[in-house]
Number of protein chains: 2
Amino acid sequence: MISYKRHGLMLAGMILACSFLMTAVVGGQDPLPSWNDTAPKKTIIDFVNAVTDPGSKSFVDPEERVATFDNDGTLWVEYPMYTQILFALDRVKKLAPQHPEWKTRQPFKALLEGDMKTVAASGEKGVMEILMATHAGMTANQFGREVSDWLAANQQPRFKHLYTECIYQPQLELLEYLRANGFKNFIVSGGGIQFMRPMTKKAYGIPPEQVIGSSVISEFKIVDGQPEIIRMPKIGFIDDKAGKPVGIYEHIGRRPLLAFGNSDSDMQMIQYTKAGAGPRLGLYVHHTDAEREYAYDRESHVGKLDKVLDMADANGWIIVDMKKDWKRVFPWNKF
Amino acid sequence: MISYKRHGLMLAGMILACSFLMTAVVGGQDPLPSWNDTAPKKTIIDFVNAVTDPGSKSFVDPEERVATFDNDGTLWVEYPMYTQILFALDRVKKLAPQHPEWKTRQPFKALLEGDMKTVAASGEKGVMEILMATHAGMTANQFGREVSDWLAANQQPRFKHLYTECIYQPQLELLEYLRANGFKNFIVSGGGIQFMRPMTKKAYGIPPEQVIGSSVISEFKIVDGQPEIIRMPKIGFIDDKAGKPVGIYEHIGRRPLLAFGNSDSDMQMIQYTKAGAGPRLGLYVHHTDAEREYAYDRESHVGKLDKVLDMADANGWIIVDMKKDWKRVFPWNKF
């Protein structure tokens with residue numbers, strides 16, 4: 001037992017040495033090359049230096065270094081329509097032959113006739129009906145396959161790249177920079193938790209267990225002798241607005257040091273984050289770049305950034321202006 | 001960017017080297033010294049070798065190496081009464097001065113008079129009332145402090161050690177052995193998720209985000225200008241029996257390779273685990289050791305192991321007999 005313990009200490013030393021080396025090497029380069037040298041970049045780097053410097057009074061134990069990121073509009077494109085909604089619309093078309101009743105039932109009738117105005121007019125209730133019809137009534141495995149297949153086959157119409165490639169290069173660098181400095185990165189999104197999980201590891205390096213999102217109620221059943229998780233057509237949890245800090249409490253069990261969003265729906269997550277002791281960072285992407293991506297905020301039907309813009313200064317929230325603060329937007333953009 | 005990438009590769013190499021060294025060092029020792037050399041130990045080691053050997057057809061990518069453990073009776077003592085129930089009973093006594101109505105209201109009246117027979121007779125409804133009165137109506141921070149303070153102050157009556165010290169040494173070794181072999185260990189317990197989180201890191205090396213359990217509904221509110229999570233007196237999720245695979249789906253998003261329980265309430269978790277492709281291990285602690293711990297199974301009022309005992313052979317579940325298979329039970333036991 002003594003010898004086992006001594007080896008344990010040696011190992012701990014080696015791992016510690018590795019992690020110091022890693023920090024040192026990364027420190028020698030620009031860890032955020034796709035960020036312009038404007039205020040947000042400096043604020044981020046100063047913050048990371050402060051919480052990781054063992055000599056600083058702001059030092060935070062690596063175990064406690066948690067960062068949370070919204071997904072739609074913060075890590076990947078959400079405009080002109082949330083990707084998950086497009087997936088749901090496609091699924092209605094695919095499932096229509098099995099649902100002859102949809103020919104006369106709204107909002108399905110309008111959707112199948114391409115009358116998106118009537119679909120939109122069906123409001124939250126209509127959207128929820130579409131989501132339940134397309135996201136439930138199947139096993140967890142089936143749903144995962146449907147999502148993976150759809151994501152592998154569909155491109156964002158303007159950029160002609162897969163949705164999973166319409167991700168922000170500056171954020172990929174930030175995720176990597178945080179990871180290299182001992183942070184555990186989580187996604188905290190209003191989107192479906194099981195809609196995101198098939199893509200987050202490959203796209204962002206974030207494993208499924210570090211993804212938090214909205215969910216339907218699931219049940220465990222033995223089906224034909226096979227244990228299965230069945231997705232039920234009933235909302236379980238809405239991980240949006242005030243739901244985000246609750247999702248963080250349930251899944252992570254500690255308060256983030258850094259939270260990054262892009263809309264009023266992320267405000268509560270960032271309020272919760274900033275209210276913790278010691279240095280905390282709250283950031284929002286501001287979509288100001290109609291040329292390289294999109295420009296939208298106060299009047300938008302997706303990712304509306306409105307109240308936050310008025311409250312940012314007084315609350316010390318960092319507004320990251322895509323046009324001014326990002327040198328490159330997508331991984332496939334040339335410098 | 002090129003130089004940054006090259007450094008990245010070097011780092012990846014160093015980390016890989018560290019992890020190989022770690023495996024090699026651990027491999028040279030007996031990784032499970034508190035397990036007797038009986039069948040379960042051999043089965044566990046063969047299983048870990050198979051899924052971690054890159055040359056084996058059973059090899060599993062480190063990312064996919066997930067292990068789940070029940071807590072009560074699997075990692076720490078649950079007999080004669082779940083620790084969380086004892087915490088709740090103590091809290092009723094502590095809170096009684098603020099609740100004069102409890103003097104005449106059951107099951108509180110009986111509890112305060114020490115009439116545990118009447119408390120027990122109040123059944124699930126009575127227990128739920130006690131849990132809601134003692135686990136909700138406060139902020140997340142307050143609850144965390146109450147739990148930590150209680151665990152730091154109360155001993156298991158028979159063993160005269162803190163509850164957090166009445167943990168099983170063979171399981172600590174197994175957790176460490178799995179970790180050293182690239183596994184991510186999770187707790188999946190019927191107990192309260194936020195009741196466990198203050199103790200799991202120190203006791204088992206399992207961080208809060210890898211703890212899954214039952215929960216009350218929580219809400220986010222700004223209280224006196226301070227963003228807070230408030231625990232509401234309403235059940236959110238029951239992480240027990242068929243709830244366990246659901247909790248795994250929601251929190252982890254992939255199927256475990258290995259699951260360890262100790263009662264019929266863990267059966268669904270183990271069925272779900274074993275139904276995955278490739279090698280999977282399902283294990284149960286059988287409490288057979290009245291001398292060193294406790295002996296209970298089919299008729300027990302806690303952690304009842306009954307159906308599982310009849311179904312184990314046919315399903316390839318491993319029954320770990322505490323008396324026969326464990327050389328040492330607690331960390332403070334002498335060999």
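**Notebook: helices, strands and odd backbone spots**

I started with helix α10 (residues 243-251) of chain A and listed its buried residues: G243(A), K244(A), P245(A), V246(A), G247(A), I248(A), Y249(A), E250(A) and H251(A). This is a predicted model, so I keep that in mind throughout. The list accounts for 9 of the 9 residues of α10(A), so I noted the helix as largely enclosed by the rest of the structure. Just past the helix I looked at G253(A), where phi is positive, near 80°.

**Helix pair in chain A**

Next I checked how α3 (residues 83-95) sits against α7 (residues 140-153) in chain A. Their axes come within 11 Å and cross at roughly 105°. I wrote the two down as roughly perpendicular, because angles of 65 to 115 degrees count that way. Which residues make the contact? From α3(A) I found T83(A), L86(A), F87(A), D90(A), R91(A) and K94(A), and from α7(A) F143(A), E146(A), V147(A) and W150(A). Sorted by type, the contact residues of α3(A) and α7(A) come out as 5 nonpolar, 1 polar and 4 charged.

**Strand β8 in chain B**

Then I moved to strand β8 (residues 258-261) of chain B. I found both of its faces covered: L258(B) and F260(B) are buried on one side, A259(B) and G261(B) on the other. For its partners, I first looked at β1(B) (residues 66-69), which runs parallel to β8(B) and is joined to it by 3 bridges. In that pairing F69(B) stands opposite F260(B). The other partner I looked up is β9(B) (residues 281-286), also parallel to β8(B), with 4 bridges. Here L258(B) is opposite L281(B). I also traced β8(B) through helix α11 (residues 267-274) to β9(B), and this makes a right-handed β-α-β unit.

**Backbone oddities**

Reminder to self: most residues other than glycine have a negative phi, and most peptide bonds are trans. With that in mind I went through the exceptions.

In chain A, I found a cis peptide bond between Q106(A) and P107(A), with omega about 0°. P107(A) is in the loop between α3 and α4 (108-112). In chain B, the bond from Y79(B) to P80(B) is cis, omega about 5°, and P80(B) lies in the loop between β1 and α3.

For positive phi outside glycine, I noted D224(B), near 50°, in the loop between β6 (211-223) and β7 (226-237). Buried or exposed? D224(B) counts as exposed, at 80% relative accessibility. K241(B) also has a positive phi, near 50°, and is in the loop between β7 and α10 of chain B. I put K241(B) down as partly exposed, at 43% relative accessible area.

Methods:
Residues numbered from 1 in each chain as written. Chains lettered and ligands numbered in written order. Predicted model: local features only at pLDDT ≥ 70, side-chain atom pairs only at ≥ 80, totals over all residues. Heavy atoms only, no water. Axes fitted to C-alpha atoms, helices over the stretch in contact; angles between N-to-C directions. Parallel < 35°, antiparallel > 145°, perpendicular 65-115°, else oblique. Contact = heavy atoms within 4.5 Å. Nonpolar A, V, L, I, M, F, W, Y, C, P; charged D, E, K, R; others polar. Buried < 20%, exposed > 50% of the residue type's maximum accessible area, 1.4 Å probe, protein only. Pairing = 2+ DSSP bridges. Right-handed = clockwise from strand over helix to strand, strands pointing away.
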